[in-house]
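Visitor: I would like a close look at a single part of this protein, namely the place where its domains meet. Could you take me through it with care, and then through the strands that lie around it?

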Amino acid sequence: MSRVGKAPIALPQGVTITVSADNVVTVKGPKGQLQQAIDSDITIAQEDGQLLVQRPSDQKRHKALHGLYRALLNNMVIGVTEGYKVTQELVGVGYRATNTGNTLDLVLGFSHHYVFELPQEIKVTTTADKGKNPTIILESIDKQLIGQVAAKIRSLRAPEPYKGKGIKFQGEILRRKAGKSASKK
């Protein structure tokens, strides 16, 4: 059984947390500000530079929410101090990625381009070095949003198991298949 909810969240210098009357937690830090609505049963306490998430009882629902909101608040604190970065590679002949501002233009081997408009909270950069696969680098303070956008981009051309062509996360290990054998003896 997980004890995630009981672990305190360390608050770095420059991070302030406010909880409104309707249980909306606002985390402000050097990189920006994030908000999260929290269930009315869960309480947030701040003491000695740490944030404590507390539940009223040991009901299964309260235990689940306890761990969930502790993890979400921890991700928010990390986001406003360090930020999150996701790198994706385009593997395939002729696959390209370019960006102008927050608009991502992808050439993925189809008869048309994919033009993908990103949210304002996400900063995108693309690189195309000679001899290397083109890469897409997403940066944001919101872990949930950056993960959702990265998954959406990957779904446009998910890696296939035979040659590995498609959009994959950097460092991702793909399960490959052998394909047809050349001849039977």
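**Where the two domains meet**

Guide: In this predicted model, the domain assignment of the protein gives two domains, domain 1 covering residues 7-80 and domain 2 covering residues 83-167. Taken over C-alpha atoms, the centres of domain 1 and domain 2 lie 31 Å apart, and the contact draws on 10 residues from domain 1 and six residues from domain 2.

The size of an interface is often given as the accessible area lost when the parts come together. For domain 1 and domain 2 the buried area is about 610 Å², and carbon and sulfur atoms contribute 56% of that area. On the side of domain 1, the residues that lose the most area to domain 2 are Leu34, Asn75 and Gly79, which together make up 55% of what that side buries.

As for specific interactions, the count of salt bridges between domain 1 and domain 2 is zero, whereas three residue pairs, with both residues at pLDDT 80 or more, are in polar contact between these domains. Two elements, strand S4 (32-37) and helix H1 (60-81), each supply at least two residues of the side of domain 1 that touches domain 2, and H1 gives the most to that side, with five residues. By residue class, the side of domain 1 that touches domain 2 divides into four nonpolar residues, five polar residues and one charged residue.

Strand S4 deserves a further look, starting with its pairing. Strand S3 (residues 24-29) pairs with S4 in the antiparallel sense, over six bridges, and a hairpin of two residues joins S3 to S4. Within this pairing, Gly29 has Gly32 in S4 as its bridge partner.

There is also an open sheet of three strands, with the order S1-S6-S5 and antiparallel pairing. Its edge strands are strand S1 (9-10) and strand S5 (43-47), each of which pairs on one side only. S1 is joined to strand S6 (residues 50-54) by two bridges, and S1 and S6 run antiparallel; Ile9 stands opposite Leu51 in S6.

To return to the contact itself, the picture is of a buried area of about 610 Å², with five residues from H1 on the side of domain 1 that touches domain 2, three residue pairs in polar contact and zero salt bridges.

Definitions and conventions
Residues numbered from 1 in each chain as written. Predicted model: local features only at pLDDT ≥ 70, side-chain atom pairs only at ≥ 80, totals over all residues. Heavy atoms only, no water. Domains from an automatic or database assignment. Contact = heavy atoms within 4.5 Å. Buried area = accessible area lost by both parts, 1.4 Å probe. Salt bridge = Lys/Arg side-chain N within 4 Å of Asp/Glu carboxyl O. Polar contact = N/O pair within 3.5 Å; in protein donor to acceptor, adjacent residues only side chain to side chain. Helix = DSSP H or I, 4+ residues; strand = E, 2+ residues; numbered from the N terminus. Nonpolar A, V, L, I, M, F, W, Y, C, P; charged D, E, K, R; others polar. Pairing = 2+ DSSP bridges.
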